Amino acid sequence: MASIHLKGLAHRYPAASSGATVPYALNPLDQVWDDGGAYALLGPSGCGKTTLLNIISGLVRPSEGRVLFDGDDVTDLPTEQRNIAQVFQFPVVYDTLSVADNLAFPLRNRGLEKAIIDARVAETLVMLGLEGRAHERARSLSADDKQKISLGRGLVRTDVRAILFDEPLTVIDPHLKWQLRTELKKIHERFGHTMIYVTHDQTEALTFADKVVVMDAGVILQVGTPKALFDRPRHTFVGTFIGSPGMNVLRCEFDGEQAFVDGVKIPLDAATCSVARGRGLHESTSVRLEIGIRPEAVTVSGEPKTGPAVRLIAVEDLGRHLLLRLQLGSQPLCALLPEGAEIPEQPTLHFDPAMTLLYADSLLVEGTDDTEQTSAVRVEAYA
Ligand code: ADP
Ligand code: MG
């Protein structure tokens with residue numbers, strides 16, 4: 001196992017024609033993945049997740065910066081010498097070999113004793129629910145089962161420095177996904193491998209990982225626990241990408257004491273106000289200000305005069321929740337109410353200042369004590 005340090009790393013793929021400048025697929029970043037951490041790398045399609053993973057495993061050589069494993073520079077080492085297991089989105093199996101031989105292959109390659117190989121293969125077969133099919137040829141298996149073998153080949157070795165998963169459950173049947181994710185978590189708890197799990201699916205990311213790394217457009221926007229990403233997204237993209245529906249983001253003004261959304265007063269907590277005033281945001285006209293509030297934190301009541309009136313546009317029944325689509329001034333927002341809640345005919349809103357965040361040019365306005373690992377400088381490059 002190893003800690004992985006991406007130092008001043010950036011990547012541009014080569015230009016198709018000479019002379020053309022290609023934008024960064026990965027903008028310059030500095031990122032440490034702690035030894036034994038369970039990470040999810042979450043972001044929309046095309047944001048650079050696979051590029052980042054392939055740079056760690058050595059399939060792609062970064063155009064700038066270094067890759068360090070436990071402080072050792074491995075940037076110039078080929079994949080085979082990095083001792084990393086990688087599971088891809090689509091099955092990589094030897095069709096002519098049996099299920100068991102497919103799993104044994106990475107172990108035989110490393111010259112392990114037969115008894116150890118047999119034990120590890122047997123264990124992995126049970127974990128994947130393939131114990132009855134050990135001697136079938138891989139060719140005869142369904143796409144689901146082939147992908148399970150791919151997963152197994154990534155998990156069968158216990159001596160790897162890290163295991164990288166690139167959207168490994170894409171082709172897996174939904175009811176199996178949960179089960180396999182649970183298995184991966186158990187394996188992490190048992191062997192303590194550094195694991196990086198790439199996905200565009202927030203549920204997968206939040207249920208698998210201790211720390212989630214959120215990316216967009218080649219930039220790491222935030223690294224945090226699922227709770228931190230939910231409660232204090234450092235960038236409006238993180239707030240809107242995570243959650244179902246995502247955080248409400250409303251254009252606002254700030255007078256030094258509170259925010260105003262289309263003239264409607266929105267209270268902010270004292271700490272936020274003080275930081276915002278310190279940065280002169282009440283006097284600035286060049287900064288785009290927004291408030292962010294989760295639909296879960298928007299309270300709706302039927303009591304007139306307790307808060308600003310809003311227009312109720314639609315109600316959707318989500319089973320355990322009711323989703324209210326509302327309009328405050330000219331801006332849409334959502335509120336989530338518990339199932340069975342009464343929906344007032346003339347709703348008024350209440351924003352809890354502790355849950356109402358202020359954003360300046362998409363970045364959270366916060367004190368220095370609660371900033372997280374991601375470098376704000378890099379994020380500014382994205383905003
Ligand atoms: P993700 O895995 O998040 O979907 P990728 O890392 O595959 O994103 O891609 C990031 C960006 O790099 C995309 O704009 C993609 O088109 C580009 N890209 C990926 N692979 C190559 C390649 N081999 N050559 C040129 N551009 C590439
Ligand atoms: Mg990808």
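## Cavities, pocket and domains of a predicted model

M127, L128, L151, L155, L180, E183 and L184 form the lining of the second largest cavity. The model described here is predicted. The volume of this cavity is about 30 Å³, and the count of cavities of 30 Å³ or more comes to two. By class, six of the residues that line the second largest cavity are nonpolar, none is polar and one is charged. At least two lining residues come from each of α3 (114-128), α4 and α5 (174-191). Among these helices, α5 gives the most, with three residues.

The largest pocket holds about 590 Å³ of space. Its lining is made up of 21 residues, and I84, A85, Q86, R153 and R157 are the ones that lie nearest the centre of the pocket. β6 (84-87), α2 (99-109) and α4 (143-155) each supply at least two residues of that lining. The largest share, four residues, is from β6. In the lining of the largest pocket, 10 residues are nonpolar, seven are polar and four are charged. Helix α4 also supplies at least two residues to the lining of the second largest cavity.

The table sets out the two spaces by volume and by the classes of their lining residues.

| Space | Volume | Nonpolar | Polar | Charged |
|---|---|---|---|---|
| Largest pocket | about 590 Å³ | 10 residues | seven residues | four residues |
| Second largest cavity | about 30 Å³ | six residues | no residues | one residue |

The next topic is the division into domains. The domain assignment of the protein gives domain 1, with residues 4-11 + 21-224, and domain 2, with residues 236-364. Taken over C-alpha atoms, the centres of domain 1 and domain 2 are separated by 39 Å. Domain 1 puts 11 residues into the contact, and domain 2 puts in six residues.

The size of an interface is often given as the accessible area lost when the parts come together. Between domain 1 and domain 2 the buried area is about 650 Å², and carbon and sulfur atoms give 77% of this area. On the side of domain 1, the residues that lose the most area to domain 2 are Q202, V214 and L221, which together account for 52% of what that side buries. How many salt bridges cross the interface of domain 1 and domain 2? The rule finds zero across this interface.

Two points of the backbone remain. Most residues other than glycine have a negative phi, and most peptide bonds are trans. E167 is not a glycine, yet its phi is positive, about 45 degrees. This residue, E167, lies in the loop between β7 (162-166) and α5. Helix α5 is also the one that gives the most residues to the lining of the second largest cavity. The peptide bond that joins S244 and P245 is cis, with omega about -5 degrees. P245 is in the loop between α8 (236-241) and β11 (248-251).

Methods:
Residues numbered from 1 in each chain as written. Chains lettered and ligands numbered in written order. Predicted model: local features only at pLDDT ≥ 70, side-chain atom pairs only at ≥ 80, totals over all residues. Heavy atoms only, no water. 1 Å grid on protein atoms, 1.4 Å probe; cavity = no way out; pocket = protein on both sides within 12 Å on 5 of 7 lines; lining within 4 Å. Points joined across faces, edges and corners; volume = space filled by probe spheres on them. Nonpolar A, V, L, I, M, F, W, Y, C, P; charged D, E, K, R; others polar. Domains from an automatic or database assignment. Contact = heavy atoms within 4.5 Å. Buried area = accessible area lost by both parts, 1.4 Å probe. Salt bridge = Lys/Arg side-chain N within 4 Å of Asp/Glu carboxyl O.
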